[in-house]
Amino acid sequence: MDVIAFNARFNRHQPTGMQRYALEVSRRLQRHIDPVQPGRTLRGVPGHLWEQFYLPIAVRGRLLWSPNNTGPIAVSRHVCTIHDLIPRSEEHTSELQSRG
């Protein structure tokens, strides 16, 4: 099995639910992943810029797993875990609006 590049940007943050999920899964898969993380905590725009521009270069064509909702759009071999997805449809939206 090839080593999977692991988007570990979250690793510099105070753990919340999503970070705890990523930490636990990464501990169990540590032999199969290569964590890629910034050198310091990056939040907001700087974090997204790191993720969109630095991370694709660091991945070098490997499969990338981003465990916390976001990841670079320029990586073609990319798995992104989405937490708490709420479907939205016109029918659902109009139903909510009618409840008032």
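In the protein chain of this predicted model, residues 24 or more positions apart account for 56% of the contacts with a separation of 6 or more. The chain is built from three helices and four strands, and these follow one another from the N terminus in the order β-α-β-α-β-β-α. Of its 100 residues, 35% are buried. The chain exposes about 7,000 Å², and carbon and sulfur atoms supply 54% of that area.

Turning to the interior, the largest nonpolar core consists of nine residues, namely Ala-5, Val-36, Leu-42, Trp-50, Leu-55, Ala-58, Val-59, Leu-64 and Val-75. The element that gives the most to this core is helix α2 (residues 44-59), with four residues. Another core lies apart from it and has eight residues, including Ile-4, Phe-6, Phe-10 and Ile-33.

Helix α2 merits a closer look. Its 16 residues reach 21 Å from the first C-alpha to the last, close to the 22 Å expected at 1.5 Å a residue. There is nevertheless a kink of about 30° in α2, and Glu-51 is at its centre. Glu-51 is also one of the buried residues of the helix, alongside Gly-47, Trp-50, Leu-55, Pro-56, Ala-58 and Val-59. In an α-helix there are 3.6 residues a turn, so residues three or four places apart point the same way. The cover over the buried residues of α2 includes three strands, β1 (4-7), β2 (33-36) and β3 (64-66). Just after the helix, Arg-60 takes a positive phi of about 50°.

The aromatic residues complete the picture. Three aromatic pairs are present in the structure. In one of them, the ring centres of Phe-6 and Phe-10 are 5.8 Å apart and the planes stand at 85°, so this pair is edge-to-face. Both Phe-6 and Phe-10 are buried. In another, Phe-6 is paired with Trp-65: the centres lie 5.0 Å apart with the planes at 55°, so the pair is tilted. This second pair links distant parts of the chain, as Phe-6 belongs to strand β1 and Trp-65 to strand β3, 59 residues apart. Trp-65 is buried, as is Phe-6. Together, Phe-6, Phe-10 and Trp-65 form one aromatic cluster, and two of its members, Phe-6 and Phe-10, are among the residues of the eight-residue core.

Notes: Residues numbered from 1 in each chain as written. Predicted model: local features only at pLDDT ≥ 70, side-chain atom pairs only at ≥ 80, totals over all residues. Heavy atoms only, no water. Helix = DSSP H or I, 4+ residues; strand = E, 2+ residues; numbered from the N terminus. Buried < 20%, exposed > 50% of the residue type's maximum accessible area, 1.4 Å probe, protein only. Contact = heavy atoms within 4.5 Å. Areas by Shrake-Rupley, 256 points an atom, 1.4 Å probe, with all protein chains shown as cover. Core = buried A, V, L, I, M, F, W, Y, C linked by side-chain atoms within 4.5 Å. Expected span 1.5 Å × (residues − 1). Bend = angle between axes of the 7 residues up to and from the residue. Phe/Tyr/Trp six-rings, centres within 6.5 Å; stacked < 30°, edge-to-face > 60°.
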